Amino acid sequence: MGADVVVVGYFSAKEKDFVTLMNTAATGLAVRGARVVGQIVQRRGVSDGGVQKMALPFSSRTLLSHGKVLDVAEACERADADAAVFVAALSGRQQRALTALLGCPAVSLPEILAAG
């Protein structure tokens, strides 16, 4: 792979071990030759208003909230990342929307793991 990547995790507040999941993702990518140059986490249901919607994405188009998409784009630009790797599986529509918004390819970790 040999790419500089930003790892992006989207987790429900019910997922208490999200740090381990992020570290496992980073390790899996490093084993495949990627350099993890950043990590960003979006958690759903941490605030009082989010509890009822905990299992749903913030946006069906981007998975993340608008502000978090901007954070990821900034991290990718700052690190000159080759890709943003999402721990969650992304639909084709989400990949296209995120790639356009982030300025670099948005890919799913499950897709990478399945390929190699």
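Here is a short round of questions and answers about this predicted model. Residues are numbered from 1 along each chain as its sequence is written. In this predicted model, local features need pLDDT of at least 70 and side-chain atom pairs count only at pLDDT 80 or more, while totals for chains, interfaces and linings use all residues, and side-chain values use heavy atoms, with hydrogens and water left out.

Q: What pattern does the protein follow, read along the sequence?
A: Let's start with the parts: there are four helices and four strands. Both are DSSP runs numbered from the N terminus, helices being H or I with at least four residues and strands E with at least two. Read along the sequence, they give β-α-β-α-β-α-β-α.

Q: Where do the buried residues of H1 fall, seen down its axis?
A: Buried means under 20% relative accessible area, exposed over 50%, and partly exposed in between (1.4 Å probe, protein chains only). In H1, the buried ones are Phe-18, Met-22, Ala-25, Ala-26, Gly-28 and Leu-29, while Thr-24 and Val-31 are exposed on the other side. Going by directions from the helix axis to the C-beta atoms, the buried residues line one face, because they fall within an arc of 160°.

Q: Which strands and helix do the buried residues of H1 pack against?
A: Contact here means heavy atoms within 4.5 Å. On that basis, the partners of H1's buried residues are strand S1 (4-12), strand S2 (35-44), strand S3 (83-86) and helix H4 (109-115).

Q: Is Ser-12 buried or exposed?
A: Ser-12 sits in strand S1. A polar atom of its side chain lies 3.0 Å from the backbone nitrogen of Lys-14. With a relative accessible area of 19%, Ser-12 is buried.

Q: Which helix gives the most to the largest nonpolar core?
A: A nonpolar core is a set of buried Ala, Val, Leu, Ile, Met, Phe, Trp, Tyr and Cys residues joined through side-chain atoms within 4.5 Å. The largest has 19 residues, and Val-72, Ala-84, Phe-86 and Leu-102 have the most contacts inside it. S1, helix H2 (66-79), S3 and helix H3 (92-102) each supply at least two of its residues. The top giver, with five residues, is H2.

Q: How many residues does the second, separate core have?
A: Phe-86 touches residues including Val-8, Leu-98 and Leu-109, leaving aside those up to four places away in sequence. Leu-109 belongs to the second core, along with Ala-3, Ala-34 and Ile-112 among others. That separate core has 15 residues.

Key
Polar contact = N/O pair within 3.5 Å; in protein donor to acceptor, adjacent residues only side chain to side chain.
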